[in-house]
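Here are my notes from going through the model, point by point. Have the structure open while you read.

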Amino acid sequence: MSSTLDHRALLTHEIGSLDKPAWRVKAYAGQPLSDRDLEEARSWGERLQVPNYDQLIDLLRHAPFSKEQKTDLQRWSSLYALKLEEGAGLDVVYDGEQQRTEMYDWAVSHSNGFERRGSVRAFDNKYYTKAAVVAPISLKAPFHNAEFSYLVSVAGAELKIPVTGAYTIADWSFDERYDLDTDLREPAADRRRKHKAARRDFVLEIARSLIRPNLMALIGLGARWIQVDEPGASTEPDELDIFVDSFNASVEDLNAMFSTHLCFSDYNLFFPAIERMSQCRQFAVGFANYDSRELGTSDAQRPGYQVIKKFRDLPYKPALGLGVLDIHSDFIESPELVRDRVLYAVKVFDDPARIHVTPDCGLRTRSWEVAFKKLRNMTAGVALARRELGLPDPPA
Amino acid sequence: MASTRGLDRGRVTADAVEAAFAEDLAAFVRVQQQARLDVFSDGLLRWQDIFRPLMEAVGPIKPESLVRWFDTNTFFREPDLSGTLPGVDRADGLLPDASVPRPRVATLPSPYMFSRAARTDRDRNHLMVDLAGKVLRPVIDAAIAAGCQLVHLEEPWLGYFGIESKDWAPLHEALELLHRDLRATLAFHIYFGDAGPHVDQLRRLPVDAIGVDLVETDVNELGSGWDKGLVAGVIDGRSSMLESVENTVEVARHLADTVRPRNLYLSSNCELAFLPTVVAERKVQRLGEAARKVKQLVSV
């Protein structure tokens, strides 16, 4: 796997999440479905050529739903998302995390040692639920096995499993276990030292007791590419060593292709810390959010991509998952804009095999209509770049 | 939360969102009253980030890029302040709701932080002074007319990134524009960083009180004999652990004895937006309880 996928030129994939369709959300929550919801299920089923989608429509007409039927509905939602990604022409796909509540909540809900505390704002009107660690951490049961087993049975394209990473889980949690004795009269330097030691213990316990056993379970089921999602990785610049150690502790000596996803940070902060992440075969990083919308492949025309030189120079030569779609905006990047972002990166790396093409992050904050248009333009833009570079079409 | 999210997805009406806002605000006011706080806030419940309503008042440029809010998992839309800065001539949506009891606090971004967090093609120190005169001062005047007695300027940039020595003079100038003839208390609150290295300069600024983040700052570096108020950030707005009232009282006593500020205000170290509502409410209760005990001790 690693000898093929991580060096397949201009390979395309999504990062993780997609919005959940209204029919899935309402049906799962026991709310009444409208004609509009049913039409949404029908029209996307038809458009994406989802096999037997009429069975879903029939199921949706028979509320209330049993627990088994709700599981079926989640799988339908997975299948729809998978077909959306395949329909957009992506080389590597997953299911938009349709069976999970949310990347953080899903992980802590399936773990021992955490208690929910409530929701906080991420940005705009988007919120996430935070938990506190209160007891020793362990895995209740591997929590991606069921979705992965299902997707293996229905996917036509290669699969990449997004798994929330240890550092991000710790960073998004409150600590009510490791760093407890705070007296503001103590010297601040002493308090900072104790805090960092406590953070290290917290993060590494998640890596060893939660993430690693989960990855091992997926590999046992045949998983070949696992993406460790770390959107929180650079939140605390002085803790990048802890992030790197947690990635290494999670994947060390496991036999699969591992990558990581980073987003919405000053990526300069990651260097030199990530020079020690030699088992990371690809960094999927969001850049489009910082870039101009002008066409062109000069440094001045691609301000959002200036930092990619640092990824190029990593000693273990990972691929770069180049974020080319701004996921916080409904702006639809044209194929030509995607092409130029890709051509710029290829020029900097001087090696198309080290460039993969992705959105900046999961597309769950966009409607399916917008997400589908963006992804289709992304693959169209990659096709233009291939032509420009004289690369053959990717294997079917 | 559910209402605003539902509104974005077309699943909830604007009226339902308004009703939810009113309910949340009433609950937050009740918590502050029960905690017997001295000054009341609207919690900026309608503000999606600290700049957004100000940018809407400034003009039609819609901020796009999403930028991480320091070392948190919260993001703000980067204000675009390139070119000539228009003034603010209306303060709709910028003032505490009429249902918030008086005296009220108006919370605004400090001109230094605002000028540094924005995207701009201008000299940032010129922009800072311009923001103070054309944007912040008109809003502050409107806030005071609407019953605000405390103006609280949020300044995490200085705490987190620091400040170059050449920037103190323009900051002084910008704050002077805000402080001149002001009929309210002006507080300049440094957080997300250690205020210790800046104490001497901070004490010279033309404001009535300096706020410090005591989670990040050593109490022993604050000096003594302040001729200003001290807003002591004693409640950790980023931790779900509830502070001990007794320990908070001891810290306050220590500050009163050593720093000897003109006035001592007890506060959180930063905004409480990083906490779930139920945790934030408990912290407000603890803050009120600690403040009451400190007042009793002082009055003995």
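1. Let's start with A:Asn268. This is a predicted model, and in it A:Asn268 counts as exposed, because it has 11 C-beta neighbours inside 10 Å and the cut-off for exposed is 12 or fewer. A:Asn268 sits in the loop between strand S8 (257-262) and strand S9 (280-285) of chain A. If you want a landmark, try A:Ser234: the two are 34 residues apart in sequence, yet their C-alpha atoms are 9.7 Å apart in space.

2. Stay in that loop for a moment. A:Pro272 also lies between S8 and S9 of chain A, and the peptide bond joining A:Phe271 to A:Pro272 is cis, with omega at about 10 degrees. Chain B has a cis bond to look at too, from B:Arg102 to B:Pro103, with omega near -5 degrees. B:Pro103 is in the loop between strand S2 (75-77) and strand S3 (104-109) of chain B.

3. Another residue in the S2-S3 loop of chain B deserves a look: B:Leu94. Is it buried or exposed? B:Leu94 counts as buried, because 22 C-beta neighbours fall inside 10 Å, and 20 or more is enough. Leaving out residues up to four places away in sequence, B:Leu94 touches B:Pro53, B:Leu54, B:Ala57 and B:Val139. B:Thr84, on the other hand, is ten residues from B:Leu94 in sequence but 22 Å away, C-alpha to C-alpha.

4. Next, some backbone angles in chain B. B:Leu44 has a positive phi, near 50 degrees, without being a glycine. B:Leu44 lies in the loop between helix H2 (14-34) and helix H3 (52-58) of chain B and is partly exposed, with 19 other C-beta atoms within 10 Å. B:Phe192 is another non-glycine with positive phi, this time near 60 degrees. Its place is the loop between S5 and helix H8 (199-204) of chain B, and B:Phe192 is buried, with 23 other C-beta atoms within 10 Å. Add B:Asp181, just after H7(B), where phi is positive at about 55 degrees.

5. That brings us to H7(B) itself. At 1.5 Å a residue, the twelve residues of this helix (168-179) should span 16 Å, and the end C-alpha atoms are indeed 16 Å apart. Buried in H7(B) are B:Pro170, B:Leu171, B:Ala174, B:Leu175 and B:Leu178. Looking down the axis, these buried residues fall within an arc of 135 degrees, so they line one face of the helix. What do they pack against? Their partners are helix H4 (111-117), helix H5 (124-145) and strand S5 (185-190) of chain B.

6. You can make a similar check in chain A with helix H4 (residues 53-60). Its buried residues are A:Tyr53, A:Leu56 and A:Leu60. They cover an arc of only 45 degrees around the axis, which puts them on the same side of H4(A). They pack against helix H2 (22-29), helix H3 (35-47) and helix H5 (67-87) of chain A.

7. Now the contact between the chains, to which chain B gives 33 residues and chain A gives 31. On the chain B side, the elements giving two or more residues are helix H1 (2-8), strand S1 (66-68), helix H9 (245-258) and helix H10 (277-299). The chain B residues that touch chain A split into 14 nonpolar, eleven polar and eight charged.

8. H10(B) is worth following along its length: it has 23 residues and reaches 33 Å from first to last C-alpha, close to the 33 Å expected. Its buried residues include B:Val279, B:Lys283, B:Leu287 and B:Val294. Among the elements covering the buried residues of H10(B) are strand S2 (111-123) of chain A and, from chain B, H9 and strand S7 (229-235).

9. Finally, the core and the confidence figures. The largest nonpolar core has 196 residues, and those with the most contacts inside it include A:Ile206, A:Val342, B:Val151 and B:Ala232. Beyond its neighbours within four places in sequence, B:Ala232 contacts several residues, among them B:Val212, B:Leu214, B:Ala252 and B:Leu264. As for confidence, the mean pLDDT of chain B is 92, with 95% of its residues at 70 or more. For the complex, the predictor gives an ipTM of 0.87 and a pTM of 0.88.

How values were computed
Residues are numbered from 1 along each chain as its sequence is written. Chains are lettered from A and ligands numbered from 1 in the order in which they are written. This is a predicted model: local features need pLDDT of at least 70, side-chain atom pairs count only at pLDDT 80 or more; totals for chains, interfaces and linings use all residues. Helices (H or I, at least four residues) and strands (E, at least two) are DSSP runs, numbered from the N terminus. The expected span of a helix is 1.5 Å times one less than its number of residues. The arc is that of the directions from the helix axis to the C-beta atoms. Two residues are in contact if their C-beta atoms, placed from the backbone, lie within 7 Å. pLDDT is the predictor's confidence in each residue, from 0 to 100. Ala, Val, Leu, Ile, Met, Phe, Trp, Tyr, Cys and Pro count as nonpolar, Asp, Glu, Lys and Arg as charged, and the others, Gly among them, as polar. A nonpolar core is a set of buried Ala, Val, Leu, Ile, Met, Phe, Trp, Tyr and Cys residues joined through C-beta atoms within 7 Å.
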